[in-house]
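Please open the structure in a viewer and keep the sequence at hand. The tour proceeds from the whole chain to selected strands, with a selection proposed at each stop.

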Amino acid sequence: MFTTLHSEDTVYSADSVEWLTQDDATTGFFACGTYQLVQEEGEPAAEISSKRPRKGRVYLYHFEEANCRLDRLQCIETSAILDMKWLPAWCNESNPHLATANSLGQLEIYELLRDEKKLQRRTCFCLAEEESQEEPPLALALDWQHDGQHIQLAISDSKGGLNLLNYSPQGEIIRERSWLSHGFEAWTCAFDRWSPHLLYSGGDDMLLMAHDLRTEQRAWTNRAHMAGVTCLLSHPRHENHLLTGSYDEQLRLFDTRSMKRTLAELDLSGGIWRLKPHPAQPDLILAACMYTNFSVVELDVAAPSLSLLGAYEEHKSICYGADWAPFRNKDDASLTMATCSFYDHKLCVSRVEIGK
């Protein structure tokens with residue numbers, strides 16, 4: 001089912017990978033983000049303090065689907081990356097933009113210069129208020145939605161906060177609102193793809209929350225999870241369907257109109273850090289299961305059910321980053337994915353054959 005095409009050493013610990021899907025689907029660009037605690041010379045790794053500075057890199061790759069060639073185009077030194085997303089284009093002529101959330105509590109946005117095949121830093125926004133004397137939080141996760149004129153960004157942080165930002169075509173970032181939502185780390189956030197006034201968040205306090213952006217009030221709180229809520233997916237094809245991942249190892253499917261019980265659950269083991277639907281087949285979901293593997297899950301809404309189709313076992317460290325390529329192989333209709341893992345600083349590009 002899985003064939004590894006490429007295996008790359010990212011040098012620093014790898015935790016995020018994102019294929020460019022808003023552009024021409026045949027371009028094959030993707031980015032990988034890394035995270036590394038700064039270690040002094042001669043210091044044992046086990047004694048590195050979590051208070052130490054963190055550094056990272058953003059890698060830009062290009063994968064040629066026709067001949068399976070992989071090229072590393074660029075390496076940008078930055079602070080540690082915790083999440084990244086390609087943003088939608090304002091128009092067909094505009095260059096794609098990559099947003100990153102980093103360990104300095106910053107949103108950094110890069111522009112992909114198509115002709116030069118490289119990223120150029122466009123702007124940076126700090127989550128901490130200018131007058132604040134406190135240490136800034138880590139920016140943990142980000143999501144976006146587009147109203148045609150501006151891009152609205154949500155960022156969750158390590159102090160339990162949520163931050164709502166507005167990004168204009170001119171490159172200006174304005175804070176709309178920031179508020180404390182969770183008692184511990186707010187690991188994840190996601191807009192509802194069908195109701196733009198709803199923002200979901202999940203935290204280390206085991207709570208899943210929905211926030212009404214019109215009233216600035218919490219719409220509801222769900223306590224179904226037995227450990228921290230780590231990832232969220234508002235399904236792009238099925239309205240009212242929300243999938244969640246947690247340290248408790250359960251993949252859950254909810255109907256957001258009735259949150260008292262789940263529609264379906266699946267034990268994936270190892271804790272679930274990311275959920276990615278395939279752009280062309282969104283009922284095929286790629287899950288990064290931290291301490292076990294990368295799993296491919298099929299969603300059947302009619303049943304409703306969640307089924308494990310297969311697991312990619314190539315990585316031997318914490319499985320954090322995963323994403324589907326936006327294209328199919330022209331010869332056999334197989335799919336392509338990129339995955340990355342932490343302490344072995346490994347990035348893989350693989351072919352996936354889904355059985356009939």
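How many helices and how many strands are there in the chain? The chain contains 0 helices and 28 strands. The model under inspection is a predicted one.

**The whole chain**

Begin with the entire chain in view. Its radius of gyration is 19 Å, close to the 21 Å given by the globule rule for 356 residues, so the chain is as compact as a globular protein of that length. Along the principal axes, the C-alpha trace spans about 55 × 50 × 50 Å. Of the 356 residues, 58% are buried. If a surface is displayed, the exposed area is about 15300 Å², and carbon and sulfur atoms supply 46% of it. Among contacts between residues at least 6 apart in sequence, 50% join residues at least 24 apart.

**The largest nonpolar core**

Next, select Leu-87, Leu-107, Leu-153, Leu-165 and Tyr-167. These are the residues with the most contacts inside the largest nonpolar core, which has 17 residues. Five strands each supply at least two residues of this core: S7 (97-102), S8 (106-113), S10 (139-146), S11 (151-157) and S12 (161-167). Apart from this core lies another, of 16 residues, which includes Ala-264, Ile-285, Val-297 and Leu-299.

Now centre the view on Leu-165. Which residues is Leu-165 in contact with, leaving aside its neighbours within four places in sequence? Among them are Leu-107, Phe-125, Leu-127, Ile-151, Leu-153, Ile-155, Ile-173 and Ile-174. The list also includes Gln-152, Arg-175 and Glu-176.

**Strand S24 and its two partners**

Move to residues 293-300, which form strand S24. This strand is mostly covered, with 6 of its 8 residues buried. Add residues 284-289 to the selection: this is strand S23, which runs antiparallel to S24 and is joined to it by 6 bridges. Within this pairing, Leu-286 has Val-296 of S24 as its bridge partner. A hairpin of 3 residues joins S23 to S24.

Then add strand S25, residues 305-312, which pairs with S24 in the antiparallel sense over 7 bridges. Here the bridge partner of Phe-294 is Tyr-312 in S25. S24 and S25 also form a hairpin, with 4 residues between them.

**Strand S27, an enclosed strand**

Select residues 335-341, strand S27. Is strand S27 largely enclosed or exposed, and why? All 7 of the 7 residues are buried, so the strand is largely enclosed by the rest of the structure. In a regular strand, side chains alternate between the two faces of the sheet. In S27, Leu-335, Met-337, Thr-339 and Ser-341 point one way, while Thr-336, Ala-338 and Cys-340 point the other way, and all are buried.

Display S26, residues 319-328, beside S27; the two run antiparallel and are joined by 6 bridges. Asp-323 stands opposite Ala-338 in S27. The hairpin of S26 and S27 has 6 residues between the strands, and Ala-333 in the turn has a positive phi of about 65 degrees.

Finally, display S28, residues 346-352, which pairs with S27 in the antiparallel sense over 7 bridges. Thr-339 has Cys-348 of S28 as its bridge partner. The hairpin of S27 and S28 has 4 residues between the strands, and within it His-345 takes a positive phi near 35 degrees.

Note on methods. Residues numbered from 1 in each chain as written. Predicted model: local features only at pLDDT ≥ 70, side-chain atom pairs only at ≥ 80, totals over all residues. Heavy atoms only, no water. Buried < 20%, exposed > 50% of the residue type's maximum accessible area, 1.4 Å probe, protein only. Pairing = 2+ DSSP bridges. Core = buried A, V, L, I, M, F, W, Y, C linked by side-chain atoms within 4.5 Å. Contact = heavy atoms within 4.5 Å. Rg over C-alpha atoms; globule rule 2.2 N^0.38 Å. Areas by Shrake-Rupley, 256 points an atom, 1.4 Å probe, with all protein chains shown as cover.
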